[in-house]
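Grab a pencil and try these short exercises. Have a go at each task before you read its solution.

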Amino acid sequence: MKFHLLTLLALMSGLAPLAQAGRSLVFCAETAPEGFDPALWDSASTYNVTRQIFQGLVAFKRGGTDIIPALASKWELSADGLTYTFHLRKGVRFQTTDYFKPKNTFSADDVVFTVQRWIDPAQPFNQAFKTQLLGPANSGLAQSIQRVEKVDPYTVRLVLKQRNAAFLSFLAMGFAGMQSAEYASQLLQQHRAADINRFPIGTGPYQFKSYAKDSAVRFAANPSYWGRPQQTGNLIFAIVTDPQVRIQKLKNNECQIAAAVREDDLDGLQADPAIKLVSTGAMNISYLAFNLQRPQLAKREVREALDIAIDRNALFKALFPKGGAIQAINPYPPTVWSWNPRTRNEYNPARARQLLARAGYPDGFTINLWALPVQRPTNPNGKLMAQMIQQDWARIGVKTTIQSYEWGEYLRRAAQGEHDVYMSGVTSDSGDPDDFLSTSLSCAVSKGGQRFCNAQFDELLSKARQASDKKERTVYYLKAQEIFKRERPWITMAHSRIYIPLRKEVEGFVMNPNGSFGFEDVRLR
């Protein structure tokens, strides 16, 4: 009885027994996943979870953006740039769990099911599980594919509607994980289609064990993994929303890796001999997004006024005291090719008041601003950022109410357009300009008109996708950035470095340029 009581008490107080068990690794994550179906979501925190379970046809090379084979061992592109033929890896097994025992190995049937689910609302599984798949939809991938064809059990063709220079990078992203057609058929027969989001089955190095809501996700090494056997037997994502608590757990060895930390915490971590820091200048941006359905925010002069009323210099001194971030001018950072050097930010409260008067608001108006409820490298303190912007806007007569919600509720309400202005961000997987622009600023993602939709801007994105020459694509993206700066659908805020703290006994961890976490081949010494 004593053993069972101690174990129960330890589980109730945290993850100590699991962290101390041999070959176990605990990651302190900043927020809970929205679910476990990669296609259903488009947030980085959810992909950090699902990418341990699922794999795509192709992948990004660890630590970079080069496309490498994954579940497809090779591929060819037709001369007209419209048809991709993928040759699938043989002998890949889907994970065996308490809720699914696969009979079939990975094959063309699984690719056809997965892709058809992205592009065909009439597919039986989509009819049973009537939920929009945000990942393929918001990237434009769903709209790009004309059809998917099974050539033979291990060969698949994807035929595009038009050329798309970024297409392979989409297939390497977190939402493009391949699902099991056999598992989906089982769920349909049992009238449990929604369980694809609760009980995932993939081909990756780790398989799902359990989820305690807002507490921990537990994985086990996949014993039938087609790659190298994992030396980490148990992988645990501990959900720890408070950044100071995450750091304390890391110092106490209750977790061995933690989510990105703030600049203010670097000195204390660097002084700890048990901790090491890895960092990268990430492909990211934080911004304030306008709800263009609001009458005042539909006016370009108002959006510009709110932008140029913000004192970015003062804000950066408070949020990034060590200089680990730069002010964002364009919708992606200067490390991404085709960044426009001719655009500028401006701080001019007097002109902001003139713009408001010209738009019909000489006495200002009231507005709500949603403060980011989670810590991000590009926005380490959403509440403080909101308070400083509130003061700046008050100087031009705009009265601001600050609101916030739990992360999942924040995303849900923003998607429904309940906000006036909300804090958000983009982190690119591929480093391609299209990954910043199409996924957030194209007409395809402007549901209900609350997001930006500009026909000229969209045409430039389409032309850039269809061009294969980088110089030609650059010309289109430079023009698109000029439209962006003129129309101001976002107030661009910051591009930042990402700092990941981990204990020195962790081996094999590779920092990805987008700050995502992959735990394949990561182990404790």
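**Exercise 1. Find out how confident the predictor is along the chain, and where pLDDT stays under 50.**

Solution. Start with the average: this is a predicted model, and its chain has a mean pLDDT of 92. Next, check the share of residues that score at least 70, which is 96%. Then look for the weak stretch: residues 1-22 stay under 50. For that stretch the model has 16 contacts beyond four places in sequence.

**Exercise 2. Work out which strands pair with strand 5, and in what sense.**

Solution. Step one: take strand 4, residues 72-77. Strand 4 runs antiparallel to strand 5, and five bridges join the two. You can spot one facing pair here, since Leu-88 in strand 5 sits opposite Ala-72.

Step two: look at the turn. The hairpin of strand 4 and strand 5 has five residues between the strands, and Gly-81 has a positive phi there, near 75 degrees.

Step three: move on to strand 7, residues 155-160. Strand 7 also pairs with strand 5 in the antiparallel sense, again over five bridges. Try finding Phe-86 on your screen: its bridge partner in strand 7 is Val-156.

**Exercise 3. Decide why strand 5 is described as largely enclosed.**

Solution. First, find the strand, which covers residues 83-88. Now apply the cut-off: a residue is buried when its relative accessible area is under 20%. Five of the six residues in strand 5 are buried, so the rest of the structure largely encloses this strand.

**Exercise 4. Locate the disulfide and say what it ties together.**

Solution. Begin with the count: the structure has one disulfide. The partners are Cys-443 and Cys-453, with 2.0 Å from S to S. Both cysteines lie in the loop between helix 17 (433-441) and helix 18 (455-466), so the link ties together parts that are 10 residues apart in sequence. For the handedness, check the angle about the S-S bond: it is 95 degrees, and the link is right-handed.

**Exercise 5. Sort Cys-28, Cys-255, Cys-443 and Cys-453 into buried, partly exposed or exposed.**

Solution. Remember the limits: buried is under 20%, exposed is over 50%, and partly exposed is in between. Now go one by one:

- Cys-28 has a relative accessible area of 0%, so it is buried.
- Cys-255 is also at 0%, so it counts as buried too.
- Cys-443 comes out at 23%, so it is partly exposed.
- Cys-453 reaches 46%, so it counts as partly exposed.

Definitions and conventions. Residues are numbered from 1 along each chain as its sequence is written. This is a predicted model: local features need pLDDT of at least 70, side-chain atom pairs count only at pLDDT 80 or more; totals for chains, interfaces and linings use all residues. Side-chain values use heavy atoms; hydrogens and water are left out. pLDDT is the predictor's confidence in each residue, from 0 to 100. Contact means heavy atoms within 4.5 Å. Buried means under 20% relative accessible area, exposed over 50%, partly exposed in between (1.4 Å probe, protein chains only). Helices (H or I, at least four residues) and strands (E, at least two) are DSSP runs, numbered from the N terminus. Two strands pair if DSSP finds at least two bridges between them. A disulfide is a pair of cysteine sulfur atoms within 2.5 Å.
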